[in-house]
Amino acid sequence: MGLRPHPTSPGAEAPGQGLVGRLLATMFALPEGGAVFEFRLEDSRVAQLAIPAPAKPGPADELWKHTCFEVFLCAPGEPGYREYNFSPSGQWAVYGFRAWRERIEDYVPAAAPEILFSQADDGLVLEARVPAELMPVVPAGSDLQVSLAAVVERKDGQFEYWTLRHVAAQPDFHARDTFVLTLATATHKAD
């Protein structure tokens with residue numbers, strides 16, 4: 001799927017002509033109950049983007065203040081949802097929410113995602129493998145609603161906000177109207 005820049009993002013008026021040529025995302029459920037999310041920048045001027053340097057993999061807050069790839073998952077009809085932040089640095093964050101921007105302060109992730117990152121002159125790829133323990137709890141075979149998004153920091157200090165659907169005057173990845181994809185969970189656990 002191709003993500004789009006928010007209208008307030010630099011270069012949004014000329015898609016494909018800015019520092020980010022294309023931002024593509026792919027997702028699929030794993031048989032054991034987890035999921036894989038891949039973000040790919042293509043035909044981009046990576047040297048002009050601020051890409052976080054490698055760091056010790058592990059949880060970290062405020063990753064969205066720099067280049068970061070995000071996934072939001074929820075069960076249809078439920079007010080609560082999960083937010084996942086994946087940094088090119090290898091750091092990550094997982095948050096639980098009761099409702100729109102109402103964070104569950106004592107939520108503790110039960111496992112860690114695996115982040116794979118590679119970069120070239122004209123693009124980059126981040127793959128996040130999310131184990132079943134980090135997914136919202138739903139009956140096997142249930143659908144999850146999904147929003148895929150990215151914050152891209154430019155070296156000139158400006159930010160670009162990318163997602164499949166923008167619904168507000170300012171970027172808001174938490175808006176439920178942006179959860180436009182469906183991820184079918186595994187119908188059974190692998191033996």
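**View A. His6, Thr163, Arg165, His166, Val167, Ala168, Gln170, Pro171, Asp172, Phe173 and Thr178 line the second largest cavity of this predicted model.** Because the model is predicted, local features are described only where pLDDT is at least 70 and side-chain atom pairs only at pLDDT 80 or more, while totals for chains, interfaces and linings use all residues. Residues are numbered from 1 along each chain as its sequence is written, and side-chain values rest on heavy atoms, with hydrogens and water left out. The structure has two cavities of 30 Å³ or more, and the second largest of them has a volume of about 40 Å³. A cavity is a set of points, on a 1 Å grid over the protein atoms alone, where a 1.4 Å probe fits but cannot get out, and a lining residue has an atom within 4 Å of a point. The points are joined across faces, edges and corners, and the volume is the space filled by probe spheres set on them. The lining of this cavity comprises four nonpolar, five polar and two charged residues, where Ala, Val, Leu, Ile, Met, Phe, Trp, Tyr, Cys and Pro count as nonpolar, Asp, Glu, Lys and Arg as charged, and the others, Gly among them, as polar.

**View B. The largest pocket has a volume of about 380 Å³.** Of the 16 residues in its lining, those closest to the centre of the pocket are Trp64, Glu70, Glu83, Arg101 and His174. Unlike a cavity, a pocket is an open set of grid points, with protein on both sides within 12 Å along at least five of seven lines. Strands β5 (68-74) and β7 each contribute at least two residues to the lining of the largest pocket; a strand is a DSSP run (E, at least two residues), numbered from the N terminus. By residue class, the lining of the largest pocket divides into eight nonpolar, one polar and seven charged residues.

**View C. Arg101 and Asp43 each have a positive phi although neither is a glycine.** Most residues other than glycine have a negative phi. Arg101, which also appears among the residues closest to the centre of the largest pocket, has a phi of about 55 degrees and is found in the loop between β7 (91-99) and β8 (102-103). Asp43 has a phi near 50 degrees and is found in the loop between β3 (35-42) and β4 (58-59). Arg101 is partly exposed, at 44% relative accessibility, and Asp43 is also partly exposed, at 47%; buried means under 20% relative accessible area, exposed means over 50%, and partly exposed lies in between, with a 1.4 Å probe and protein chains only.

**View D. Strand β11 (residues 143-153) is mostly covered, with nine of its 11 residues buried.** Two strands are said to pair if DSSP finds at least two bridges between them. β11 pairs with β5 in the antiparallel sense over seven bridges, and within this pairing Phe72 stands opposite Ser147 in β11. Four bridges join β11 to strand β13 (residues 181-184), and these two strands run antiparallel; Asp143 has Ala184 in β13 as its bridge partner. Five bridges join β11 to strand β12 (residues 159-163), again in the antiparallel sense, with Glu153 standing opposite Phe159 in β12. In the hairpin of β11 and β12, five residues lie between the strands, and Gly157 takes a positive phi near 90 degrees.

**View E. Four strands form an open sheet in the order β2-β3-β10-β9, with antiparallel pairing.** The edge strands are β2 and β9 (114-120), each of which pairs on one side only. β9 is joined to strand β10 (residues 123-130) by seven bridges in the antiparallel sense, and Phe117 stands opposite Leu126 in β10.

**View F. Cys68 and Cys74 are not bonded to each other, and the structure holds zero disulfides.** A disulfide is counted when a pair of cysteine sulfur atoms lies within 2.5 Å. The sulfur of Cys68 is 19 Å from the closest cysteine sulfur, that of Cys74, and so the two are too far apart for a bond. Cys68 is buried, with a relative accessible area of 0%, and Cys74 is buried too, with a relative accessible area of 1%.
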